[in-house]
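Let's take a walk through this structure together, one part at a time. Keep the view open beside the text and turn it as you read.

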Amino acid sequence: MRNLFFALLGVFSVVFHANAKVISVGKSKQFTSIQKAIDFSKNGDTVMVFPGLYKEGNIIIQKSITLLGRGYPVLDGENKYAIISIKAKNALVKGLKLQHTGRSEIRDLGAIMVYDSDSVSVINNILDDTNFGVYVQNSKKCTIKGNSITAYGKDEVQSGNGIHCWHSDSLTIIGNKIKGHRDGLYFEFVKNSLIEKNISTMNVRYGIHFMFSNQNTYIANVFERNGSGVAVMYSKKIHMYKNHFLNNWGDAAYGILLKDITDSDISGNFFTENTVGLHMEGCSRIKLSRNTFNNNGWAVKIQASCDNNDLTKNNFTGNTFDIGTNGSLVLNTFNGNYWDKYEGYDLQRDNIGDIPYHPVSMYSMIIDSNPAALMLFRSLIVTLLDKTEKILPGVTPENLKDNKPVMKKLPL
Amino acid sequence: MNKILKYVIVDIVRNKIVLIYTFLLLLISLSVFNLESSATKGLLSLLNIILILIPLICIIFSTIYIYNSAEFIELLVSQPLKRKSIWISLFGGLTSSLCLAFFVGAGIPILIYHADLTGIMMIATGLSLTIVFVSIAMLAAGMTRDKAKGIGLSIFLWLFFSLIFDALVLFFLFQFQDYPLERVMVFLSFLNPIDLSRIQILLQMDISALMGYTGAIFREFFGNGFGIMFSFVGLLLWAVISLLFSLRRFNKQDL
């Protein structure tokens with residue numbers, strides 16, 4: 001009986017192997033057209049594409065196959081078409097170079113379009129001059145990994161997003177490099193996903209933009225020099241760890257803008273050289289801990305509409321303004337942070353300052369209500385006002401204070 | 001005229017105060033650059049010092065110098081010399097020696113630690129501030145023959161430009177909060193040489209983006225070559241106009 005079982009297993013595996021063919025595409029190969037090879041293939045086959053330039057319009061994959069590029073064959077969309085459309089289970093696209101997708105006002109055209117699919121993987125492709133890069137719609141458990149996605153977008157209306165996900169679940173997006181799109185990463189109604197180690201730079205609008213996307217985790221991504229930084233809205237249970245928000249410098253640029261984000265955890269991130277490092281509006285129950293705010297204009301702008309947020313053990317160094325706010329109502333707590341502007345003392349030598357630190361300066365309140373007061377930036381009168389206010393708080397919210405500021409920079 | 005200029009310069013350079021001023025500046029700039037973690041931060045700290053110290057020293061030293069050389073001026077006036085050339089040489093002597101002091105004291109450290117456009121801009125504005133405040137001092141000294149009153153006036157003028165003017169601007173801002181004041185601010189900044197220099201340097205340091213719309217307006221106006229030229233013309237006008245007024249007064253004055 002046992003032997004029979006193994007024999008049967010052996011037979012099945014041979015049959016399976018016999019089924020999983022490799023179909024080659026290229027000049028002087030079995031097929032010269034990728035689409036024909038795909039049409040010929042069956043579930044489980046591999047379509048191997050050899051180097052060359054392929055102009056086939058829109059290639060459609062509706063089977064569980066692997067589309068594998070050898071030495072980065074070039075698939076050209078001739079500025080007219082979406083290049084690959086996938087509507088399948090377990091399909092894999094790997095090692096292709098896709099370039100010059102079309103642009104359309106009516107339909108979203110992109111290099112790799114994934115519709116209503118399950119477990120599709122898009123790995124190690126090079127996308128150049130694309131409208132949308134990878135476009136995922138209504139799909140589950142897809143993996144987008146190690147792609148390099150470049151566009152040359154000039155304005156918001158004319159360009160698409162690098163990785164665009166809509167109404168999807170359990171996506172894994174790892175190690176992609178995205179550049180020059182409208183939004184580097186875009187999520188709408190996406191949940192339970194992991195976004196890790198992506199680099200999103202120099203996009204026209206946002207490095208990452210998500211709305212109504214709950215329970216996602218963002219780890220060790222880099223968002224640098226995007227037109228307006230990063231904006232995320234209307235989501236719950238967001239986890240952000242060890243991300244870098246760098247050099248988003250401009251009139252309306254934010255390291256990250258949080259609007260109506262609730263029950264989230266943002267820790268270990270780096271906010272460096274942004275006009276506003278972190279902007280919070282209508283946020284509740286967010287834990288902000290162990291973040292580093294360095295050389296920003298405003299490190300944190302926390303609007304009075306935020307409540308129950310908790311800033312603990314963060315480092316604030318070299319920021320022009322540590323905290324900005326727009327009202328006197330304070331429903332958030334600040335505890336145990338390091339502030340380089342703290343001038344208090346520590347008699348017990350327990351590394352906790354003995355007097356509270358008020359991180360909101362008078363001038364930042366003035367600027368907030370009256371932006372034209374910029375003219376007095378770094379003038380003697382402003383310095384004097386700030387000092388007076390520190391001693392006798394009148395205008396700045398008295399309750400916005402760190403009761404236990406630490407004396408030494410936290411090792412993060 | 002050249003001879004008087006030479007006498008004045010030699011006299012001032014020999015004066016211990018200017019030497020002390022030079023060393024003070026040198027000490028401050030070197031320590032600021034060495035203490036701060038980055039050269040840019042050092043430059044920012046230096047900016048605050050320069051904007052307060054230079055006007056103060058220049059205006060008070062020049063006023064006192066003019067009063068102290070009253071006898072020398074009387075002697076010169078008794079000679080066949082034009083009053084205009086006496087006054088201009090005094091101005092030239094004061095500015096050149098104080099500019100030299102600034103350049104040695106602050107300019108050289110800036111060039112050593114931060115020799116880029118921002119640093120050069122800082123030196124240029126420091127030199128123009130020196131010139132402006134020497135000529136304002138000459139105006140103040142020409143106003144009255146009473147030394148105490150004259151020095152009081154010059155101290156008041158320093159206080160006005162570095163503090164009171166900004167306080168008035170702040171007051172004005174809050175009174176007219178509901179109006180778009182961005183462009184008015186650009187105009188107002190021309191009414192105070194210290195503000196003008198400060199904004200000019202800060203814009204070079206790319207902090208303008210910090211301040212939203214107002215910053216954009218400021219950068220649009222001051223950020224390009226034309227704006228820089230325009231603001232230096234503004235500073236020059238301050239120097240020239242107050243010098244001309246003081247000269248007119250000196251011409252008519254009964255010594």
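**Strands side by side in chain A**

A good place to begin is strand β28 of chain A, which is joined to strand β30 (residues 276–281) of chain A by 5 bridges, the two running parallel. Before going further, please note that this is a predicted model, in which local features need pLDDT of at least 70, side-chain atom pairs count only at pLDDT 80 or more, and totals for chains, interfaces and linings use all residues. Residues are numbered from 1 along each chain as its sequence is written, while chains are lettered from A and ligands numbered from 1 in the order in which they are written.

A few words on terms will help. Strands here are DSSP runs (E, at least two residues), helices are DSSP runs too (H or I, at least four residues), and both are numbered from the N terminus. Two strands pair if DSSP finds at least two bridges between them.

Back at β28(A), look for L258(A), which stands opposite M280(A) in β30(A). L258(A) is also the bridge partner of V232(A). That link belongs to the pairing of β28 (residues 254–267) with strand β25 (residues 229–236) of chain A, which is parallel and has 6 bridges. Further along, T262(A) faces S284(A) in strand β31 (residues 284–289) of chain A, a parallel neighbour held by 5 bridges. Strand β26 (residues 239–241) of chain A also pairs with β28(A) in the parallel sense, over 3 bridges, and there H239(A) stands opposite D265(A).

Another set of parallel strands involves β5 (residues 66–69) of chain A. On one side, 4 bridges join β5(A) to strand β2 (residues 46–49) of chain A, with M48(A) opposite L68(A). Strand β8 (residues 92–94) of chain A is joined to β5(A) by 3 bridges, and here L67(A) has V93(A) as its bridge partner. The two faces of β5(A) differ: L67(A) and G69(A) form the covered one, T66(A) and L68(A) the uncovered one.

Now visit two loops. R225(A) sits between β24 (222–224) and β25 of chain A, and its phi is near 50°, a positive value in a residue other than glycine. N247(A), in the loop between β27 (244–246) and β28 of chain A, likewise has a positive phi of about 50° without being a glycine. Is each of them buried, exposed or partly exposed? A residue is buried if 20 or more other C-beta atoms, placed from the backbone, lie within 10 Å of its own, exposed if 12 or fewer do, and partly exposed in between. R225(A) counts as partly exposed because it has 18 C-beta neighbours inside 10 Å, and N247(A) counts as buried because it has 20.

Step back to see chain A as a whole. It holds 4 helices and 38 strands, and its C-alpha atoms fill a box of roughly 85 × 60 × 30 Å along the principal axes. Of its 412 residues, 45% count as buried. Chain A is divided into domain 1 (22–326) and domain 2 (362–396), with bounds from an automatic or database domain assignment. The C-alpha centres of these two domains lie 41 Å apart.

What lies inside? The largest nonpolar core (buried Ala, Val, Leu, Ile, Met, Phe, Trp, Tyr and Cys residues joined through C-beta atoms within 7 Å) has 174 residues. V47(A), I112(A) and V230(A) have the most contacts inside this core. Helix α6 (residues 117–143) of chain B gives the most to the core, with 14 residues. Each of the two domains of chain A supplies at least three residues. Leaving aside residues up to four places away in sequence, V230(A) touches several others, among them Y206(A), F223(A), F245(A) and I256(A); two residues are in contact if their C-beta atoms lie within 7 Å.

Finally, turn to chain B. The contact between the chains takes 19 residues from chain A and 29 residues from chain B. Helix α7 (residues 147–175) of chain B bends by about 50° at F160(B), an angle taken between axes fitted to the seven residues ending there and the seven starting there. Buried residues of α7(B) include W158(B), F161(B) and L170(B). Their cover includes α4 (380–391) of chain A, together with α3 (39–68), α6, α8 (182–189) and α9 (193–204) of chain B.
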